[in-house]
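Work through the following exercises with the sequence and the structure side by side. Each task is followed by a solution that goes step by step.

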Amino acid sequence: MRQFLAAVAAGALLLGAGGASAKETVIKFSHVVAEKTPKGQAALKFKEEAEKLLPGKVKVEVYPNSQLFGDAKEMEALALGDVHIIAPSLSKFNRFTKKLQVFDLPFLFDDIAAADRFQASPKGQELLTSMASKGFVGLAYWHNGTKQLSATKALLVPDDAKGLKFRVQPSDVLAAQFQAVGAVPQKLAFAEVYQALQVGTVDGQENTWSNIYSQKYQEVQKHFTESNHGLIDYMVVVNAGWWKGLPKDVQAGLTKAMAAATKVNNDIANNLNEEAKKKVAAASGVTIHQLTPQQRSAWKKAMAPVWSKFEGEIGKDLIQAAQTANATN
Ligand code: SIN
């Protein structure tokens, strides 16, 4: 009886003046990058908008920098409901769908605008639900930008990478990409990369300028190559059961907040990467190498076999749809 009364009293505390439940839904949004990156800023915008649109109904807690969960654990945590929203790079869904590997094909998109067109196309939108059977649903794509190489030596032609160890995200396509140039890929969590570069566990890496600068790789790598050879974009994913179980008004408000956050992310991504590139260039002892058109072609040619290797898993139709986005104006 005493327990029952305590429960009633606790319930009463949760009731607002109009009799509605005043219980806020706490939404945990975890990611692995710094706040001063496109994703870091967009996650904060999502919090701001969601709390403005749904006052007293939701509280969004954003955990950057792998503070709550790192690469290895965040998807498991999402499945268990320990976190509600995550936004991993598209290269990290390998275990759940082979389709998203399309985004890792080297030299696939001419630029971010092409990636954007593909993501907005029917095939790109279908991919948002490609993990539904695993309990994950994508709410949006967020851009970061194109990847640049760095290493302990200048990388101008594919042979320069021979024998070097490169950190890759947990993607078989990215591993194959480095194997194609005679390098040795090492799958490592994002939070471990700085130290791995510092102590020499790996000799090089690939990432966007905003990730490179915010993770301070310029302190431990002196040779960067502006290769733009691949993409780092994100899928913002939620636990499908959790999302479905939200009250309709909350779901609508969060959908609106996500649209606002996506716009901010995509509006600032390019500038943040450009600013970061300038800061990396200004760092002590750093050289940013530019490739001649011939050198870039040589990298493209050397990495081309990766496409046919993964065509069966990804699907020819998907690869073609992605390529078509390059031609659209
Ligand atoms: C991220 O941008 O979320 C991290 C990508 C990486 O692991 O390199």
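**Exercise 1.** Determine what percentage of the residues of the protein chain count as buried, and explain why the chain can be called as compact as a globular protein of its length.

*Solution.* In this predicted model, 50% of the 329 residues of the protein chain count as buried. The chain is built with 13 helices and 11 strands. Its radius of gyration is 22 Å, which is close to the 20 Å that the globule rule gives for 329 residues, and therefore the chain is as compact as a globular protein of that length. Along its principal axes, the C-alpha trace spans about 75 × 45 × 35 Å. Turning to contacts between residues at least 6 apart in sequence, one finds that 73% join residues at least 24 apart.

**Exercise 2.** Describe which residues of helix α3 are buried, and work out why they can be said to line one face of the helix.

*Solution.* Begin with the helix itself, α3, which covers residues 71-80 and in which D71, E74, M75, A77 and L78 are buried. Looking down the axis of α3, these buried residues fall within an arc of 160 degrees, so they line one face of the helix. Next, consider the face turned away from that buried side, where the exposed residues A72 and L80 are carried. Then ask what covers the buried residues of α3: the cover includes the strands β1 (25-30), β3 (85-86), β4 (136-146), β6 (165-168) and β10 (231-239). Finally, step just past the end of α3, where G81 takes a positive phi of about 85 degrees.

**Exercise 3.** Decide whether K39 is buried or exposed, and find which residues K39 touches beyond those up to four places away in sequence.

*Solution.* First locate K39, which lies in helix α2 (residues 38-53). Its relative accessible area is 2%, and because buried means under 20%, K39 is buried. Leaving out residues up to four places away in sequence, K39 touches H31, V32, V33, A87, P88, S89, W142, Y234 and N265. As a last step, compare chain and space: K39 and T262 are 223 residues apart along the chain, while their C-alpha atoms are separated by 9.2 Å.

**Exercise 4.** Place A252 in its helix and state how far A252 is from L53 in sequence and in space.

*Solution.* A252 belongs to helix α10, which runs over residues 248-282. With a relative accessible area of 46%, A252 is partly exposed. A252 and L53 are 199 residues apart in sequence, yet from C-alpha to C-alpha they are 9.6 Å apart in space.

Technical notes
Residues numbered from 1 in each chain as written. Predicted model: local features only at pLDDT ≥ 70, side-chain atom pairs only at ≥ 80, totals over all residues. Heavy atoms only, no water. Helix = DSSP H or I, 4+ residues; strand = E, 2+ residues; numbered from the N terminus. Rg over C-alpha atoms; globule rule 2.2 N^0.38 Å. Buried < 20%, exposed > 50% of the residue type's maximum accessible area, 1.4 Å probe, protein only. Contact = heavy atoms within 4.5 Å. Arc of directions from axis to C-beta.
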